[in-house]
Amino acid sequence: MKPNIHPDYHVVAFHDTAADSYFIIGSTIKTNRTIEIEGKTYPYVPIDVSSDSHPFYTGKQKTLATDGRVAQFNRRFKNLSTAKKESK
């Protein structure tokens with residue numbers, strides 16, 4: 001490897017604030033904050049979403065209706081066509 005061209009790679013503690021869990025992984029991110037976990041001091045980075053809190057990974061995602069556009073249109077306006085027939 002060429003010297004002085006690669007970013008500083010070190011172990012960082014990422015904190016998922018939504019799930020209140022920590023991930024200790026290698027990263028090139030720079031931060032001034034530190035945290036002590038299990039007797040060791042790590043650079044600290046808070047994050048909003050990770051695999052512990054994202055609905056796709058936790059299995060708590062919402063499923064959307066799979067009706068097509070025509071079916072949605074017909075369902076929404078089916079009463080409009082019957083109202084015209086009754087008024088005649």
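## The surface

How many Å² does the protein chain expose, and what share of that do carbon and sulfur atoms supply? The exposed area comes to about 7800 Å², and carbon and sulfur atoms account for 53% of it. Keep in mind as you look around that this is a predicted model.

What about the inside? The protein chain has 88 residues, and 16% of them count as buried.

## The overall layout

Let's walk along the chain. The protein chain holds four strands and two helices. Starting from the N terminus, the strands come before the helices, in the order β-β-β-β-α-α.

Contacts give another view of how the chain folds back on itself. Take the contacts between residues at least 6 apart in sequence: 38% of these join residues at least 24 apart.

## The sheet

Now for the strands. In what order do the four strands lie in the sheet? The order is β2-β1-β4-β3, and the sheet is open, with mixed pairing. At its edges are β2, residues 21-27, and β3, residues 34-37; each of these pairs on one side only. From one strand to the next, the twist averages 45 degrees.

## A closer look at β3 and β4

To finish, try finding one pair of neighbors in the sheet. Strand β4 covers residues 40-47 and runs antiparallel to β3, with four bridges joining the two. Which residue of β4 does Ile35 stand opposite? Look for Tyr42, which faces Ile35 from β4.

Terms used. Residues are numbered from 1 along each chain as its sequence is written. This is a predicted model: local features need pLDDT of at least 70, side-chain atom pairs count only at pLDDT 80 or more; totals for chains, interfaces and linings use all residues. Side-chain values use heavy atoms; hydrogens and water are left out. Buried means under 20% relative accessible area, exposed over 50%, partly exposed in between (1.4 Å probe, protein chains only). Contact means heavy atoms within 4.5 Å. Accessible areas come from the Shrake-Rupley method with a 1.4 Å probe; for residues, only the protein chains shown count as cover. Two strands pair if DSSP finds at least two bridges between them. Axes are lines fitted to C-alpha atoms, for helices over the stretch in contact, and angles run from 0 to 180 degrees between N-to-C directions.
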